[in-house]
Amino acid sequence: MKKRNALKTAEPYLWIAPSVILMCIFIIVPIFFVFRMAFSKVTKAGQIKGFCGFDNFTKVLGGSTFSGVLWNTLLWTVLVVGLSTLLGFILALLLNNQFRGRKIARAIVVFPWATTLVIQASAWKFMINTDYGTLNTLLLKLGIIDKAVNWTATPQAYFAWEIACGIFVTIPFVCFTALSGLQSIDASYYEAATVDGANYWQKLFNITLPLVKPSLTVATVLNIIYVFNSFPIVWTMTKGDPASKTDVLVTYLYKLAFYNGKQGEAAAVSVIGFCILLVCASIYMVNTLKKGDN
């Protein structure tokens, strides 16, 4: 009897054991090795030669490039996540209405999300090319411009186009996350508000936004992590050039590790990015727990 009771007590833990093992193998162990490399002297061949303290962090933070790269990363994340959330929510409101061709419209919205980021970035790079880009070709044919415009005359201009591409490919995720929240709202709330004389904006701010907020919050947190670590768009369009002016943390650490052979410094950059995301996730978890207690 004691053995049976013990087995019944341990049964829930046996179910989650495979998940815990997989998390340890594919998440915790790699994180441990990255932290180990960040605090170690690493050769160009990737061999660890012993503990070096914060030397890798000092070299990274003391360099002239890192501050610009960190600013680019924060700007990239805030603008892509912020604008895609706003535009995605507006699009979700439109697609939540009943109209002819709604299914086709929803399918069209999915296309940018279904296509790989490398293809999307390549298409945008081709579109804004000065000599043969489709944007200049279209504007010339419409007579809007007299000669081809150099859309990427400065690194800042090129980075702005990368942000635009990031927003474009992120909107579908936000849109369908918000749309799932919108469709879960009971229509009786709107009917009661209509009877009370509420207008569209009153319904939006007093019914729609509070009820769809959990879906938008989850989408925003996931987007922050996803966009912060996004590699393909920046790498495909500019590779962080010229002179790392369009680099973000993930492309910068990639170049440190595989172009310059500075794997210890690359690991240090990775740890810095990990800590930034950990702070963001912790803030979200603390706020969630507080709301749960209330």
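**Cysteines, surface patch, aromatic pairs and the H10–H11 loop**

The sulfur of cysteine 52 lies 16 Å from the closest cysteine sulfur, that of cysteine 275, which is too far for a bond. In this predicted model, the sulfur of cysteine 275 has in turn its closest cysteine sulfur in cysteine 280, at 11 Å, and this separation is likewise too far for a bond. A disulfide is a covalent bond between the sulfur atoms of two cysteines, and the criterion applied here requires the two sulfur atoms to lie within 2.5 Å. By this rule, the count of disulfides in the structure comes to zero. As for the surroundings of these residues, cysteine 52 is buried, with a relative accessible area of 15%, whereas cysteine 275 counts as partly exposed at 36% relative accessibility.

On the surface, a nonpolar patch of about 940 Å² is made by Ile21, Leu22, Met23, Ile25, Phe26, Ile27, Ile28, Ile31, Phe274 and Leu278. The elements that contribute two or more residues to this patch are helix H1, spanning residues 2-38, and helix H12, spanning residues 263-293. Of the contributing elements, H1 gives the most, with eight residues. Phenylalanine 26, one of the residues that make the patch, is found in helix H1 and counts as exposed, its relative accessibility being 60%.

Strand S1 (residues 40-42) and strand S2 (residues 48-51) run antiparallel and are joined by two bridges. Valine 42 has isoleucine 48, in S2, as its bridge partner. The hairpin that S1 and S2 form has five residues between the strands, and within this hairpin glycine 46 adopts a positive phi near 90°.

Turning to aromatic contacts, a search of the whole structure finds 18 aromatic pairs. One of them is formed by phenylalanine 126 and tyrosine 132, whose rings are 5.5 Å apart from centre to centre, with an angle of 40° between the planes, so that the arrangement is classed as tilted, the class for angles that are neither under 30 degrees nor over 60. Phenylalanine 126 itself counts as partly exposed, at 41% relative accessibility. Elsewhere, Phe231, Trp235, Tyr254, Phe258 and Tyr259 form one aromatic cluster. Another aromatic residue, tyrosine 200, is found in helix H9, which covers residues 200-228, and with 48% relative accessibility tyrosine 200 counts as partly exposed. The C-alpha atoms of tyrosine 200 and tyrosine 190, which are 10 residues apart along the chain, are separated by 9.6 Å.

The count of salt bridges comes to two. In one of them, the side chains of aspartate 241 and lysine 255 meet at an N to O distance of 3.9 Å. Aspartate 241 lies in the loop between helix H10 (232-237) and helix H11 (249-258), while lysine 255 belongs to helix H11, so the pair ties together parts that are 14 residues apart in sequence. The distance of 3.9 Å falls within the 4 Å cut-off that defines a salt bridge. In the other, the side chains of aspartate 247 and lysine 255 meet at an N to O distance of 2.7 Å. Asp241, Asp247 and Lys255 are thereby linked in a network of salt bridges. With regard to accessibility in this network, aspartate 241 is partly exposed, with a relative accessible area of 39%, whereas lysine 255 is buried at 11% and aspartate 247 is buried at 0%.

The loop between H10 and H11 also carries several backbone features. Most residues other than glycine have a negative phi, and most peptide bonds are trans. By contrast, the peptide bond from aspartate 241 to proline 242 is cis, with omega near 0°, and proline 242 has its place in the loop between H10 and H11. Lysine 239, although not a glycine, has a positive phi of about 60°; lysine 239 is found in this loop as well and counts as partly exposed, at 36% relative accessibility. Serine 244 is also not a glycine and has a positive phi of about 60°. Serine 244 is placed in the loop between H10 and H11 and counts as buried, with 16% relative accessibility.

Terms used
Residues are numbered from 1 along each chain as its sequence is written. This is a predicted model: local features need pLDDT of at least 70, side-chain atom pairs count only at pLDDT 80 or more; totals for chains, interfaces and linings use all residues. Side-chain values use heavy atoms; hydrogens and water are left out. Buried means under 20% relative accessible area, exposed over 50%, partly exposed in between (1.4 Å probe, protein chains only). Patches are made of residues with over 30% relative accessible area and no salt bridge: like charges are joined within 9 Å, nonpolar side chains (Val, Leu, Ile, Met, Phe, Trp, Tyr) within 5 Å. Accessible areas come from the Shrake-Rupley method with a 1.4 Å probe; for residues, only the protein chains shown count as cover. Helices (H or I, at least four residues) and strands (E, at least two) are DSSP runs, numbered from the N terminus. Two strands pair if DSSP finds at least two bridges between them. Rings of Phe, Tyr and Trp (its six-membered ring) pair if their centres lie within 6.5 Å; planes under 30 degrees apart count as stacked, over 60 as edge-to-face and the rest as tilted.
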